[in-house]
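Please open the model in a viewer and keep the sequence panel at hand. The tour proceeds by selections, each followed by a description of what is found there.

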Amino acid sequence: IRGAIIDYEKAFNIDPENAKAYYNAGVMKTKLKEFEAAVNYFDKAIAIAPDWGSAYYNRGICKISLGQMNEGCIDLSMAGEKGYPKAYDVIKRRCAK
């Protein structure tokens with residue numbers, strides 16, 4: 001996983017607008033349970049590709065894992081609005097009070 005992160009870092013150093021590289025690095029950091037770093041990568045992916053529903057979804061999951069429930073649930077809602085319906089299932093389980 002760490003080797004993949006290094007490769008993604010090389011990719012976005014070559015092309016700073018490579019949203020997919022930031023997204024994939026975020027996914028790898030999530031797998032390592034390095035949620036703050038993952039959020040930073042997802043932030044960059046979303047800044048480049050603001051309609052990417054799965055990036056909002058993954059960032060929301062990371063924020064919830066960091067105890068940032070409100071922010072995470074807002075991201076999950078955005079993910080659903082951006083065409084990632086799986087987010088609504090998580091909202092029902094994790095965000096509904």
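## First selection: Ser65

Select Ser65, which is partly exposed, with a relative accessible area of 41%. Ser65 is placed in helix H4, which covers residues 53-65. Add Tyr22 to the selection and draw a line between the two C-alpha atoms: Ser65 and Tyr22 are 43 residues apart along the chain, and the separation is 19 Å. As with every item on this tour, the coordinates belong to a predicted model.

## The whole chain

Now show the protein chain as a cartoon. How many helices and strands are there? The chain has 6 helices and 0 strands, in the order α-α-α-α-α-α along the sequence. The radius of gyration is 13 Å, close to the 13 Å that the globule rule gives for 97 residues, so the chain is as compact as a globular protein of that length. Along the principal axes, the C-alpha atoms fill a box of roughly 45 × 25 × 15 Å.

Switch to a surface representation. The protein chain exposes about 5,500 Å², and carbon and sulfur atoms supply 51% of that area. Of the 97 residues, 41% are buried. Among contacts between residues at least 6 apart in sequence, 42% join residues at least 24 apart. Colouring by charge brings out 15 positive and 12 negative side chains, and the centres of the two sets lie 7 Å apart.

## The N-terminal end

Select Ile1, in the segment before helix H1 (2-14). Ile1 is partly exposed, at a relative accessible area of 47%. Beyond its neighbours within four places in sequence, Ile1 is in contact with Met28, Lys31 and Leu32. Next, mark Asn24: its C-alpha atom is 11 Å from that of Ile1, and the two residues are 23 apart in sequence.

## Helix H2 and the loop after it

Move to Lys29, in helix H2. Is Lys29 buried or exposed? Lys29 is buried, with a relative accessible area of 12%. Display the residues around Lys29: leaving aside neighbours within four places in sequence, its contacts are Arg2, Ile5, Glu34, Ala37, Ala38 and Tyr41.

From there, continue to Lys33, in the loop between helix H2 (19-31) and helix H3 (35-48). Lys33 is exposed, with a relative accessible area of 62%. Its backbone merits inspection: phi of Lys33 is near 65°, a positive value in a residue other than glycine. Most residues other than glycine have a negative phi.

## The aromatic rings

Show the aromatic side chains as sticks. The structure holds 5 aromatic pairs. Select Tyr57 and Tyr84 for one pair: the ring centres are 4.9 Å apart and the planes stand at 45°, so this pair is tilted. Tyr57 lies in helix H4, and Tyr84 in the loop between helix H5 (69-81) and helix H6 (86-95), so the pair ties together parts that are 27 residues apart in sequence. Tyr57 is buried, with a relative accessible area of 9%, whereas Tyr84, at 24%, counts as partly exposed.

Then select Phe12, Tyr22 and Tyr41, which ring pairs link into a cluster. Tyr22 was the partner in the C-alpha separation from Ser65, and Tyr41 was among the contacts of Lys29.

## Back to helix H4: Lys63

Return to helix H4 and select Lys63. Lys63 is buried, with a relative accessible area of 13%. Which residues does Lys63 contact, apart from its neighbours within four places in sequence? They are Val39, Gln68, Glu71, Gly72 and Asp75.

## Last selection: Val90

Finish in helix H6, at Val90. Val90 is buried, with a relative accessible area of 4%. Neighbours within four places in sequence aside, Val90 is in contact with Tyr57, Ile61, Leu76 and Cys95. Tyr57 is therefore met again here, as a contact of Val90 and as a member of the tilted pair with Tyr84. To close, draw a line from Val90 to Phe42: these residues are 48 apart along the chain, and their C-alpha atoms are separated by 18 Å.

Key. Residues are numbered from 1 along each chain as its sequence is written. This is a predicted model: local features need pLDDT of at least 70, side-chain atom pairs count only at pLDDT 80 or more; totals for chains, interfaces and linings use all residues. Side-chain values use heavy atoms; hydrogens and water are left out. Helices (H or I, at least four residues) and strands (E, at least two) are DSSP runs, numbered from the N terminus. The radius of gyration is taken over C-alpha atoms; the globule rule is 2.2 Å times the number of residues to the power 0.38. Buried means under 20% relative accessible area, exposed over 50%, partly exposed in between (1.4 Å probe, protein chains only). Contact means heavy atoms within 4.5 Å. Accessible areas come from the Shrake-Rupley method with a 1.4 Å probe; for residues, only the protein chains shown count as cover. Lys and Arg count as positive and Asp and Glu as negative; His and the chain ends are not counted. The place of a charge is taken as NZ of Lys, CZ of Arg, CG of Asp or CD of Glu. Rings of Phe, Tyr and Trp (its six-membered ring) pair if their centres lie within 6.5 Å; planes under 30 degrees apart count as stacked, over 60 as edge-to-face and the rest as tilted.
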